[in-house]
Amino acid sequence: MMTKKVFRATLVSLGVLAVAGCASGSRTNRPESQVTGTAGLVPTTENMAGVYNQMGLMAADAPLAFVGKVAYFGTASPDTTLMLVTLSFPNRSLTFVRQDEQFSAPYEVRIRLSRDTVQVRSITANEIVRVSSFREISRSDESIIFQRFFRIPPGQYSLGLAVRDGGSSRAASQNGIVLVPTIRPGALSTPVMVYEARSRTSLDSVPRFLPTPRSSATFGMDSAIVLYLEGYGSSSQLPVRISIVNERNQRTWMDTLSLQRRGAVASRLVPVPIGRAGLGISTITVSHVGTTDSAAARVFVGFGPEIPLMTYDELLNKLRWFASAERIRALRDTPLDERGRSWAQFRQATDPIPSTPEHEGLQSYFARLFAADVRFRSSGEMGYLSDRGTVFVALGEPDQIFEQIVNQNNASVYAAQGRVQIWEYGQFNTRLIFTDAGIGRWQLTNSSRIEFQSLLSRVLAR
């Protein structure tokens, strides 16, 4: 499904971090008043589009999830702006086939830029991704980055982005409006979050960097993001002020520094401490001191791509079927300024496959929490808090489920009347029994509750 929205200058960082804002020499470009709260959103690779859209990005969810953003830079003439279009999507979005000792997957990217129904720029690129191991095929992190520069006159344009998997019918597209600014002397470029960058010295060239076009950082793991920023004019130095405002509209950090001129461009790599941004969507604002010019960058900070956005205490409460009480207590007792490091150590210690960027254990656990809430919700009770939901979250899907009707003629030790459900787990060599007295509220029998608690203690002790 194609949607239309205003798509402002954007950019993102390691893990996933988004920047929004555009440069202008004549008007202030500050972010919208306040971003909609993200509490309750479940940011996974497949359903982050809602978060990205709040940041001003163009994004699509399954069947082929991608993120698109634009950034703007100055040229030798204010009549022309250098526009960067970047797309990011994970390896798992594509269909790989084995070729000798490698795996490869073709894909197609289409970018269309139109003005008043007239097509101004258009590219169709066919690319191939090659990886050396089967494990890399299922990567859900930022594994594919596609970028193109365009030199265009300032103004309003329609932008169409489309990605197609060359090995299947999966495809996704998004339409939006881009407002290409006029960049005059004294203005700033879009701040671009990068993995690495080399400053350019000529306005006739293009910046050389590897951008990070996704939109979140992980609490306790990403200590800082790096912005590549340019300023224009004849001054040898260009002073800028950088600040972070969290979701509650509180300023949590501010610094002032100068961009250094190298040739015709003043530029700098600017580290921004993620630890000073709050959970959820925070806004980084960069302004040229003494002028009205500014650019804004939004960053989503969570506990990891596998975990819904929630408070620290809520997270620890929901982890009680994932980790032992001792581990949870250690996290809860950690001083505020040490929580990031403590959480990073917890993730590392509990990750079943440390060699991959994902935490497969947490990924599976929170997927079960979500599924349990949907499958077992009744009478207003959260599904994962019901007896069946708790067992499902802690032990996973049973190998088999048996159900029978119990009445006064065939009453058993399980129930005097109603239904009985038996969950069988072969790996634990156990059967857990639930009874329903006819009101849809399934409960473990006393003996099964004792058995489950014993099983849970053994599972959490691993």
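These questions and answers walk through a predicted model.

Student: Is the ring pair of Phe-209 and Tyr-228 stacked, edge-to-face or tilted?
Tutor: The structure holds 18 aromatic pairs. In the pair of Phe-209 and Tyr-228, the ring centres are 5.6 Å apart and the planes stand at 50 degrees. Planes under 30 degrees apart count as stacked and those over 60 as edge-to-face. An angle of 50 degrees therefore makes the pair of Phe-209 and Tyr-228 tilted.

Student: How many residues apart are Phe-209 and Tyr-228?
Tutor: Phe-209 belongs to strand 13, residues 208-211. Tyr-228 belongs to strand 15, residues 224-231. Both residues are buried. The pair links distant parts of the chain, and the two residues are apart by 19 residues.

Student: Which ring lies under the charged end of Arg-115?
Tutor: Arginine and ring meet at two places described here. The charged end of Arg-375 sits over the ring of Phe-392, 4.8 Å from its centre. For Arg-115, the distance to the ring centre is 4.9 Å, and the ring is that of Tyr-157.

Student: Which strands stand at the edges of the open sheet?
Tutor: The open sheet has nine strands, with mixed pairing. Their order is 13-12-15-18-17-16-19-20-14. A strand with a single partner has one side left without a neighbour in the sheet, so the edges are held by strand 13 and strand 14.

Student: What is the bridge partner of Ile-244 in strand 17?
Tutor: Strand 16 covers residues 237-245, and strand 17 covers residues 251-262. The two strands run antiparallel and are joined by nine bridges. In strand 17, Ile-244 is partnered with Trp-253.

Student: Is His-288 buried or exposed?
Tutor: His-288 is found in strand 19, residues 280-288. His-288 touches residues further off in sequence, including Leu-188, Leu-238 and Val-240. Its relative accessible area is 10%. Buried means under 20%, so His-288 is buried.

Student: How many residues does the largest nonpolar core have?
Tutor: Nonpolar side chains tend to be buried together in soluble globular proteins. Among the residues with the most contacts inside the largest core here are Phe-73, Met-83 and Leu-87. The number of residues in that core is 47. Apart from it lies another core, with Leu-315, Leu-362, Tyr-425 and Leu-456 among its members, and its count is 38 residues.

Student: What is the relative accessibility of Tyr-425?
Tutor: Tyr-425 is found in strand 22, residues 418-425. Its contacts include Val-391, Phe-392, Leu-395 and Glu-397. The C-alpha atoms of Tyr-425 and Glu-397 are separated by 8.4 Å, though the two residues are 28 residues apart along the chain. Tyr-425 counts as buried, with a relative accessibility of 1%.

Student: Why does the salt bridge of Glu-127 and Arg-148 tie together separate parts of the sequence, and how many residues apart are they?
Tutor: A search of the whole structure finds twelve salt bridges. In one of them, the side chains of Glu-127 and Arg-148 meet at 3.7 Å, N to O. Glu-127 lies in strand 8 and Arg-148 in strand 9, so the pair ties together parts whose separation in sequence is 21 residues.

Student: Are Glu-127 and Arg-148 buried or partly exposed?
Tutor: Glu-127 has a relative accessibility of 28%. Arg-148 has a relative accessible area of 32%. Buried means under 20% and exposed over 50%. Glu-127 and Arg-148 therefore both count as partly exposed.

Student: Which residue of the salt bridge between Asp-373 and Arg-377 is buried?
Tutor: The closest N and O atoms of Asp-373 and Arg-377 are 2.9 Å apart. Arg-377 is partly exposed, at 43% relative accessibility. The relative accessible area of the other residue is 15%, so the buried residue is Asp-373.

Student: Which helices are linked by the pair of Arg-449 and Asp-387?
Tutor: The side chains of Arg-449 and Asp-387 meet in a salt bridge, 2.7 Å from N to O. Arg-449 is partly exposed at 33%, whereas Asp-387 is buried at 17%. The residues are 62 residues apart, and the helices that hold them are helix 8 for Arg-449 and helix 7 for Asp-387.

Student: Which residues are linked with Glu-108 in a network of salt bridges?
Tutor: This is a network rather than a lone pair. Glu-108 is the acidic name in it. The residues linked with Glu-108 are Arg-110 and Arg-164.

How values were computed. Residues are numbered from 1 along each chain as its sequence is written. This is a predicted model: local features need pLDDT of at least 70, side-chain atom pairs count only at pLDDT 80 or more; totals for chains, interfaces and linings use all residues. Side-chain values use heavy atoms; hydrogens and water are left out. Rings of Phe, Tyr and Trp (its six-membered ring) pair if their centres lie within 6.5 Å; planes under 30 degrees apart count as stacked, over 60 as edge-to-face and the rest as tilted. Helices (H or I, at least four residues) and strands (E, at least two) are DSSP runs, numbered from the N terminus. Buried means under 20% relative accessible area, exposed over 50%, partly exposed in between (1.4 Å probe, protein chains only). A charge sits over a ring if NZ of Lys or CZ of Arg is within 6 Å of the ring centre and within 35 degrees of the ring normal. Two strands pair if DSSP finds at least two bridges between them. A nonpolar core is a set of buried Ala, Val, Leu, Ile, Met, Phe, Trp, Tyr and Cys residues joined through side-chain atoms within 4.5 Å. Contact means heavy atoms within 4.5 Å. A salt bridge is a side-chain nitrogen of Lys or Arg within 4 Å of a carboxyl oxygen of Asp or Glu. Lists of a residue's contacts leave out its neighbours within four places in sequence.
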